[in-house]
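Here are some exercises to work through with the model open beside you. Try each task before you read its solution.

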Amino acid sequence: MLLTLSAFVLALGLLITFHELGHYWVARRAGVSIVRFSVGFGPVLLRRRDRHGTEWALSAIPLGGYVKMLDEAPPDADEVTRRTAFNAQPLSRRAAVVAAGPVANLVLAVLIYAFLGLWGTQEPAAVLAAPPAGTPAALAGVQDGDVLRAVAGDPVASWPQARWRLAGPLSLGGRVALTLESANGTVRDETVELPSRDVAPDDPDPLEAAGLSLQAPYPVAGELVPGGAAEQAGLQAGDRIVAAGDLDRPSVEAFVRTVQAHAGQPLRLTVLRQGARVSLSVTPRPETGEDGRTIGRIGALIQAERSQVLVRLGPLDSVWQGVRRTADMSLLTLRMMGRMVLGDVSWRNVTGPVTIAEYAGRTARIGLESYLGFLALISISIGVLNLLPIPMLDGGHLLFYLIEALRGGRPLSDRARDVGLRLGLGVVLGLMVLALFNDFSRLFS
């Protein structure tokens with residue numbers, strides 16, 4: 001629980017503060033007077049004033065932050081102060097300051113993805129399992145052991161990259177070309193017909209529903225019991241079991257069942273040891289199981305292991321990947337929002353702070369790479385959401401500025417703006433209530 005809360009607070013604080021830094025950075029360069037920049041909300045714990053007159057504050061509630069500008073100059077202010085008020089700026093500058101927050105979130109996502117590409121990550125290789133009969137992948141001719149090399153002509157080096165490239169086609173449906181390498185090294189192209197489907201958070205994985213999933217992990221020998229059947233047969237820690245009896249490339253579960261079924265009987269094993277195939281014969285020792293049946297045991301901890309690849313890019317490729325992944329995710333987010341409005345996607349996909357905190361904790365437990373990827377996704381969501389033309393959000397202010405520009409520089413009346421802000425507040429509050437309802441529905445279901 002402590003890790004989940006810490007990861008959530010860190011994520012929210014970092015992303016919102018970066019958003020506000022975007023506003024601050026452009027406002028400062030536009031000549032706008034900044035009254036305060038606060039990291040956190042509530043009572044101020046520490047404060048310092050810089051040479052520009054801005055108060056930098058650290059506040060008690062670490063859930064983001066805010067930037068306070070001089071919106072209107074006081075009636076008795078001098079001319080210099082009047083010129084630095086936000087509302088005294090030209091339309092283009094005001095729009096740039098407002099847009100800078102969401103853009104900062106998108107830039108942060110680019111930087112995170114670029115860092116991950118440059119640093120390098122260990123990811124599962126895109127080795128596919130045999131698709132269930134009748135699924136789109138089976139109808140297209142995907143076979144067990146095929147390695148996915150490209151999606152729609154875009155090369156993929158790992159399974160996470162493949163999932164990323166398939167996210168768009170899965171959400172919209174239609175044909176997608178897959179470049180596959182079979183177990184014997186033959187490369188071929190297959191076309192998978194993906195149906196358009198309603199999307200709900202409790203639905204099965206859409207990739208698995210299409211018949212595209214990873215091969216089951218290999219069973220790998222871990223710690224051996226001294227003097228046990230495995231050690232006596234010559235099995236070593238780290239051996240990857242590629243065959244057991246009549247089973248070729250058994251899953252962990254299948255291997256355990258086979259061992260249990262061969263109590264007191266020799267069992268042929270083929271293992272991969274430092275790149276070489278080694279044949280062994282092990283005789284599982286009979287033991288009484290929990291249900292009273294006699295089962296075989298070999299005295300070895302059997303672990304699951306997938307083929308991993310190191311995905312590392314050069315500086316330019318890392319930046320390009322960051323830009324592309326951020327753009328793809330932004331467009332996918334907008335498509336999903338549009339499909340929600342049209343009723344093609346369930347509104348149960350709208351999530352709030354409880355779900356975000358849960359995923360923050362999960363990714364933090366997995367490791368830094370997963371947590372950074374989570375931060376990038378949430379940063380994109382914040383950026384895209386704030387650009388929506390809903391009053392109360394940054395995009396709503398940009399909408400007002402667009403109307404002002406179309407009216408030849410004449411802003412909307414105070415009454416019209418007030419009505420718009422009230423409507424926007426209603427939409428935002430409605431989304432917050434929906435998100436919390438979905439969060440607690442998942443929590444207690």
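**Exercise 1. Find what covers the buried residues of helix 12, then list those buried residues.**

Solution. Keep in mind that you're looking at a predicted model.
- Step 1: Look around helix 12. The cover over its buried residues includes helix 1 (2–29), helix 3 (91–119), helix 11 (368–387) and helix 13 (414–444).
- Step 2: Now pick out the residues being covered. Asp 394, Gly 395, Gly 396, Phe 400, Tyr 401 and Glu 404 are the buried ones in helix 12.
- Step 3: Here's a handy rule for reading such a list. An α-helix makes a turn every 3.6 residues, so residues three or four places apart point the same way.

**Exercise 2. Check whether the length of helix 12 agrees or disagrees with the expected span.**

Solution.
- Step 1: Helix 12 runs over residues 394–406, which is 13 residues.
- Step 2: The expected span is 1.5 Å times one less than the number of residues. For helix 12 that gives 18 Å.
- Step 3: The C-alpha atoms at the two ends of helix 12 sit 19 Å apart, so the two values agree.
- Step 4: Have a look past the end as well: Gly 408 follows helix 12 and has a positive phi, near 70°.

**Exercise 3. Which residues other than glycine have a positive phi, among them Gln 274, and where do they sit?**

Solution.
- Step 1: Start with the background. Most residues other than glycine have a negative phi.
- Step 2: Gln 274 isn't a glycine, yet its phi is positive, about 55°. You'll find Gln 274 in the loop between strand 11 (267–273) and strand 12 (276–282).
- Step 3: Gln 274 has a relative accessible area of 82%, so it is exposed.
- Step 4: Met 392 is another residue other than glycine with a positive phi, near 95°. Its home is the loop between helix 11 and helix 12.
- Step 5: Met 392 has 42% relative accessibility, so it counts as partly exposed.

**Exercise 4. Is Thr 4 buried or exposed? Do the same for Arg 175: buried or exposed?**

Solution.
- Step 1: You need the cut-offs: buried is under 20% relative accessible area, and exposed is over 50%.
- Step 2: Thr 4, in helix 1, comes out at 13%, so it counts as buried.
- Step 3: Leave out residues up to four places away in sequence, and Thr 4 touches Ala 357, Glu 358, Gly 361 and Arg 365.
- Step 4: Arg 175 belongs to strand 6 (residues 174–181). At 68% relative accessibility, Arg 175 counts as exposed.
- Step 5: With neighbours within four places in sequence set aside, Arg 175 contacts Thr 191, Val 192 and Glu 193.
- Step 6: Try one distance too. Arg 175 and Ser 370 are 195 residues apart along the chain, and 30 Å separates their C-alpha atoms.

**Exercise 5. Decide why the protein is called more spread out than a compact globule.**

Solution.
- Step 1: Take stock of the parts: the protein has 13 helices and 16 strands.
- Step 2: For 445 residues, the globule rule gives 22 Å, but the radius of gyration is 28 Å. That's well over the rule, so the protein is more spread out than a compact globule.
- Step 3: Put the C-alpha trace on its principal axes, and it spans about 95 × 50 × 45 Å.
- Step 4: Add the burial: 42% of the 445 residues are buried.
- Step 5: Finish with the contacts. Of those between residues at least 6 apart in sequence, 64% join residues at least 24 apart.

Key:
Residues numbered from 1 in each chain as written. Predicted model: local features only at pLDDT ≥ 70, side-chain atom pairs only at ≥ 80, totals over all residues. Heavy atoms only, no water. Helix = DSSP H or I, 4+ residues; strand = E, 2+ residues; numbered from the N terminus. Buried < 20%, exposed > 50% of the residue type's maximum accessible area, 1.4 Å probe, protein only. Contact = heavy atoms within 4.5 Å. Rg over C-alpha atoms; globule rule 2.2 N^0.38 Å.
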